[in-house]
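Colleague: I am new to this structure and would like a close look at a single part of it. Please take the open sheet and describe how its strands are arranged and what packs on it.

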Amino acid sequence: MDFTPTEEQAAARDLAARIFGDLSTHERLTAAGTGSDAELWKALCEAGLLAAVEDIGLLGLVLLLEEQGRTTAQVPFAASCVYGLLAVSAHGSAEQRKRLLPAIGDGTVVVTGALPEAAVRVGGSGELSGVVPVVPWLRDATHVLVADDEHGLWLVRTVDARCEPVELTAPWSAGRLTLDGTPGEPLGERERPGERLGGSDADVAGQGAYDDVLATARTAFAGLQAGVCAGSVARAVDYTNTREQFGRPLATKQGVQLRAADAYMDTEAIRVTAYEAAWRRDEGLDYATHALTAAWWASEAGSRVVHAGQHLHGGMGADLDHPVHRHFLWGRQLDAYLGCGSEVLQELGALIVDGEGDA
């Protein structure tokens with residue numbers, strides 16, 4: 001395996017780092033409150049970074065999401081790329097790809113996902129009913145990718161559903177989605193049987209599509225967590241190198257060094273497992289267990305890292321207005337998003353016991 005970014009991936013990552021660094025500042029994040037930054041979203045779309053994901057693959061997206069996580073930029077970038085661009089590209093019909101991909105790429109269509117919830121029922125005429133209590137970035141979305149009770153995937157327009165704002169630990173513009181006879185558009189050709197994750201027929205709908213989208217999301221959000229953790233560690237390093245106690249920087253104390261070193265190693269574990277899962281998907285290899293492994297590290301290690309980041313700031317870490325607190329909120333939100341550590345570990349164990357794990 002080779003995680004070295006291609007020229008296109010590296011260029012996209014560097015451009016994303018510049019845009020996020022310039023626009024996702026402490027002052028702008030404070031002004032945005034719990035909402036998304038419309039100006040930043042426009043800049044990302046105009047730069048072609050959303051559309052580029054179709055070409056640079058999941059590994060390229062992970063690299064971009066690391067840059068978003070470093071700055072805790074409040075835009076629906078991860079959601080629209082995973083549940084929109086990559087899901088439609090891999091599993092949508094030819095007509096859906098032609099109609100939706102350009103609009104998702106330029107940001108006029110924003111997609112979020114109600115996975116792994118499967119609380120939606122399908123009526124005889126294809127109408128959808130059910131309630132999803134929390135959908136991240138629902139307030140920004142024009143479409144929601146939902147899963148029915150048989151894990152079929154449907155695209156729902158938010159204007160056809162009832163969407164009520166809710167607040168999460170992190171400022172993810174979330175909402176409560178209520179479907180009551182709501183029209184839905186099946187993703188892909190629903191009459192064709194599903195294939196196993198990593199199979200050659202990537203455009204087939206059904207269980208295989210659900211598994212792939214969920215694994216893709218877990219991998220992508222693990223990459224986002226790697227960036228959140230890297231940003232937290234960077235802030236802690238900067239603080240402990242400049243903050244003095246008894247005439248010496250805090251960073252000279254062994255306890256501080258050990259705590260920071262553990263946080264760094266945890267961050268690297270999240271990063272490398274996300275890279276491996278993403279690389280395997282891009283290469284057309286089975287990656288189900290790798291995605292779960294990345295999700296486990298993102299949950300368990302991610303929680304440790306953002307706690308360490310706050311702890312290393314001492315009393316300043318208790319200030320809710322300090323930039324490091326955003327990393328703490330994002331890290332805790334990502335800890336449980338798409339399954340907490342114990343849940344994905346149980347799922348991983350079942351997959352291995354059943355003999356369905358990848359080699």
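Modeller: What follows goes through the sheet strand by strand and then turns to some other parts of the chain. Keep in mind that this is a predicted model.

The sheet is open and is built from 4 strands, in the order E1-E4-E5-E8, with mixed pairing. Its edges are strand E1, residues 111-114, and strand E8, residues 185-186. Each of these edge strands pairs on one side only. A helix also packs on this sheet: H5, which covers residues 77-91, touches E1, strand E4 (143-147) and E5. The direction of H5 makes about 95° with that of E1.

Strand E5 takes in residues 153-157, and 2 bridges join it to E8. E5 and E8 run antiparallel. One of the residues involved is Trp 154, whose bridge partner in E8 is Pro 186. E5 also pairs with E4, again in the antiparallel sense, over 5 bridges. Here Ala 147 has Leu 153 of E5 as its bridge partner. E4 and E5 together form a hairpin, with 5 residues between the two strands. In the turn of that hairpin, His 151 has a positive phi of about 65°. As for exposure, E5 is mostly covered, since 4 of its 5 residues are buried.

Next, a residue in another strand. Thr 178 lies in strand E7, which spans residues 175-183. Its relative accessibility is 8%, so Thr 178 counts as buried, the cut-off being under 20%. With its neighbours within four places in sequence left aside, Thr 178 is in contact with Gly 130, Val 131, Ala 161, Arg 162 and Glu 164.

Last, a pair of helices. Helix H8 (residues 254-282) packs with helix H9 (residues 288-312) at an angle of about 155°. The axes of H8 and H9 are 8 Å apart. Angles over 145 degrees count as roughly antiparallel, and H8 and H9 are therefore roughly antiparallel to each other. The crossing in which H8 passes H9 is left-handed. Sorted by class, the residues in the contact of H8 with H9 are 15 nonpolar, 7 polar and 5 charged.

To return to the part you asked about: the order to follow in the sheet is E1-E4-E5-E8, with H5 packed on it.

Note on methods:
Residues numbered from 1 in each chain as written. Predicted model: local features only at pLDDT ≥ 70, side-chain atom pairs only at ≥ 80, totals over all residues. Heavy atoms only, no water. Pairing = 2+ DSSP bridges. Contact = heavy atoms within 4.5 Å. Axes fitted to C-alpha atoms, helices over the stretch in contact; angles between N-to-C directions. Parallel < 35°, antiparallel > 145°, perpendicular 65-115°, else oblique. Left-handed = near helix turned anticlockwise from the far one by under 90°. Nonpolar A, V, L, I, M, F, W, Y, C, P; charged D, E, K, R; others polar. Buried < 20%, exposed > 50% of the residue type's maximum accessible area, 1.4 Å probe, protein only.
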